[in-house]
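Q: Hey, could you walk me through this protein? I'm new to reading structures.
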Amino acid sequence: MSDAVVVGDDGVARCWWAAGDPLYRAYHDDEWGRPVRDDRGLFERISLEAFQSGLSWLVILRKRAAFRSAFNDFDVATVATFDDGDRARLLSDAGIVRNRAKIDATIANACATLALQADGTTLHDLLWSFAPAPQPPPTSFDDVPAITPASTAMAAELKRRGFRFVGPTTCYALMQAVGMVNDHVAGCDVRDRVPA
């Protein structure tokens, strides 16, 4: 078995990064790589990936309930109406990551999502148009990229449409999180349970 797979005390073989914390295990087993196709769910993921930039994903998982509360369960139409009072409220909320640029990006991204919808498309249609063809499973740490041509193209298009905090690395992490790619490594028991 590859060193990219760790067998937990429950006998389940998992990707190396999910071996420790119970939150990581649950996220890995039940959510990461599972297709997300609704605009609210995709908006939440793109927002949380932006907040994660420069931080551990575990920080975001631990704060996810607070993020959902602070951002009205990531309801796009509501977040798009956030004003200076909401910004001040968010900046004083110790339950979330208090970063002005990331908060402003989340509000701007809600507005950009509404603009997409007004033009007759959806966040789902835009994001999933960049989903690459299925690839063989990665077999080591080195086989899991941080950036791909598809994530670079997605980032460029999102920026063109007014989205912020959506660089190629963030976009690839999003692609992994919402099931556009299946980067569960070979030998991970969860890999085959993830829908294609």
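A: Sure, let's go through the core, one histidine and a surface patch. Just keep in mind that this is a predicted model.

Q: Cool. Which residues touch the most other members in the largest nonpolar core?
A: Those are Phe43, Phe67, Phe71, Leu127, Met154, Leu158 and Phe163, out of 57 residues in that core.

Q: And which helix gives the most to this core?
A: That's α3, which covers residues 57–70 and puts in six residues.

Q: What is Phe43 in contact with, leaving aside its neighbours within four places in sequence?
A: Phe43 has Phe74, Val76, Val79, Thr106, Asn109, Ala110, Thr113 and Leu123 as contacts.

Q: OK, new topic. Where does His28 lie?
A: You'll find His28 in helix α1, residues 22–30.

Q: Is His28 buried or exposed?
A: Buried, because its relative accessibility is 0%, and the cut-off for buried is under 20%.

Q: So what does the side chain of His28 make a polar contact with?
A: With the side chain of His184, at 3.1 Å. If you skip residues up to four places away in sequence, His28 also touches others, including Arg14, Trp17 and Cys188.

Q: Now the outside. Which residues form a nonpolar patch on the surface?
A: Val6, Trp16 and Phe141 do, and together they have about 220 Å² of accessible area.

Q: Where is Phe141 found?
A: Phe141 sits in the loop between α7 (123–128) and α8 (149–160).

Q: Why does Phe141 count as partly exposed?
A: Because its relative accessibility is 35%, and partly exposed runs between the 20% and 50% cut-offs.

Conventions:
Residues numbered from 1 in each chain as written. Predicted model: local features only at pLDDT ≥ 70, side-chain atom pairs only at ≥ 80, totals over all residues. Heavy atoms only, no water. Patch = residues over 30% accessible without salt bridge, like charges linked within 9 Å, V, L, I, M, F, W, Y side chains within 5 Å. Areas by Shrake-Rupley, 256 points an atom, 1.4 Å probe, with all protein chains shown as cover. Salt bridge = Lys/Arg side-chain N within 4 Å of Asp/Glu carboxyl O. Helix = DSSP H or I, 4+ residues; strand = E, 2+ residues; numbered from the N terminus. Buried < 20%, exposed > 50% of the residue type's maximum accessible area, 1.4 Å probe, protein only. Core = buried A, V, L, I, M, F, W, Y, C linked by side-chain atoms within 4.5 Å. Contact = heavy atoms within 4.5 Å. Polar contact = N/O pair within 3.5 Å; in protein donor to acceptor, adjacent residues only side chain to side chain.
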